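The following exercises concern the packing of two helices and the overall make-up of a protein. Please examine the sequence and the model before reading each solution.

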Amino acid sequence: MTDLGDCLPLERLTLRRFSRRDGPALCPLLSRRDPPPFAQEAAEEECLHLALTWEKDRCRWAACLGRGEGAFLGQLLLSPLEGWPPGFWELGYEFLPEYQGQGFAYESCRGLLEYGFRRLEVKGVAAFCEPENRRSLRLLEKLGMKNQGLRERMVCRADRQGNMQWRPALVYRLERQDFWKGRDK
């Protein structure tokens, strides 16, 4: 994988740092959540604000078809984890439904993990997944991540009234040396 700093070209797509121009593409992604995180009338403005925030934190990536300017597929996160051993980061991802089940999430996550282990000196990665999300569980296992069990209060979601509630999640973990087993560094 070539490292261009803010742009990671992969086989069928490109990961690039999230920018404010991705705000409009966030609306269809976030509005499919149940319940949506924003009131319909505020969604576009909120998505633009969120895109600007993600542009500044530099931990979010946009997955796009082709060489970075193609269709927006989804967003990924690779960010240091607080309360974990030093060098542990969180992996997160969310893709539009029309791009699910085609291997884009696997290609994106694998590319981002390689980038993190090779360039950012990440020692380990954790991902948090709700037990009913079978597709995501299969993806984490395909990436080589190991199930560490169910933990309470791991994922925060809004209920229908907009109140934030903590929910249990399965914790998956991958160490740097396990990622490289059987692969060329």
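**Exercise 1.** Determine which residues of helix 1 meet helix 2, and classify the residues of this contact.

*Solution.* The model is a predicted one. Step one is to list the partners on each side. Helix 1 contributes Gly23, Pro24, Leu26, Cys27 and Leu30. On the side of helix 2, the residues met are Ala43, Glu44, Cys47, Leu48, Leu50, Ala51 and Trp54. Step two is to sort them by character: the contact comprises 10 nonpolar residues, 1 polar and 1 charged. Gly counts as polar and Glu as charged, so the polar residue is Gly23 and the charged residue is Glu44.

**Exercise 2.** Describe the geometry of helix 1 relative to helix 2.

*Solution.* Two packed helices are described by the angle between their axes and the distance between the axes. Helix 1 spans residues 23-31 and helix 2 spans residues 43-57; their axes come within 8 Å and cross at roughly 115 degrees. Because angles of 65 to 115 degrees count as roughly perpendicular, helix 1 is roughly perpendicular to helix 2. The crossing of helix 1 past helix 2 is right-handed.

**Exercise 3.** State how many helices and strands the protein has, and give their order.

*Solution.* There are 5 helices and 8 strands. Read from the N terminus, the order is β-β-α-α-β-β-β-α-β-α-β-β-α.

**Exercise 4.** Characterise burial, surface and contacts across the protein.

*Solution.* Of the 185 residues, 42% are buried. The accessible surface comes to about 10,200 Å², and carbon and sulfur atoms account for 47% of this surface. Among contacts between residues at least 6 apart in sequence, 63% join residues at least 24 apart.

Terms used
Residues are numbered from 1 along each chain as its sequence is written. This is a predicted model: local features need pLDDT of at least 70, side-chain atom pairs count only at pLDDT 80 or more; totals for chains, interfaces and linings use all residues. Side-chain values use heavy atoms; hydrogens and water are left out. Axes are lines fitted to C-alpha atoms, for helices over the stretch in contact, and angles run from 0 to 180 degrees between N-to-C directions. Helices (H or I, at least four residues) and strands (E, at least two) are DSSP runs, numbered from the N terminus. Angles under 35 degrees count as roughly parallel, over 145 as roughly antiparallel, 65 to 115 as roughly perpendicular and the rest as oblique. A crossing is left-handed if the near helix is turned anticlockwise from the far one by less than a right angle, and right-handed if clockwise. Contact means heavy atoms within 4.5 Å. Buried means under 20% relative accessible area, exposed over 50%, partly exposed in between (1.4 Å probe, protein chains only). Accessible areas come from the Shrake-Rupley method with a 1.4 Å probe; for residues, only the protein chains shown count as cover.
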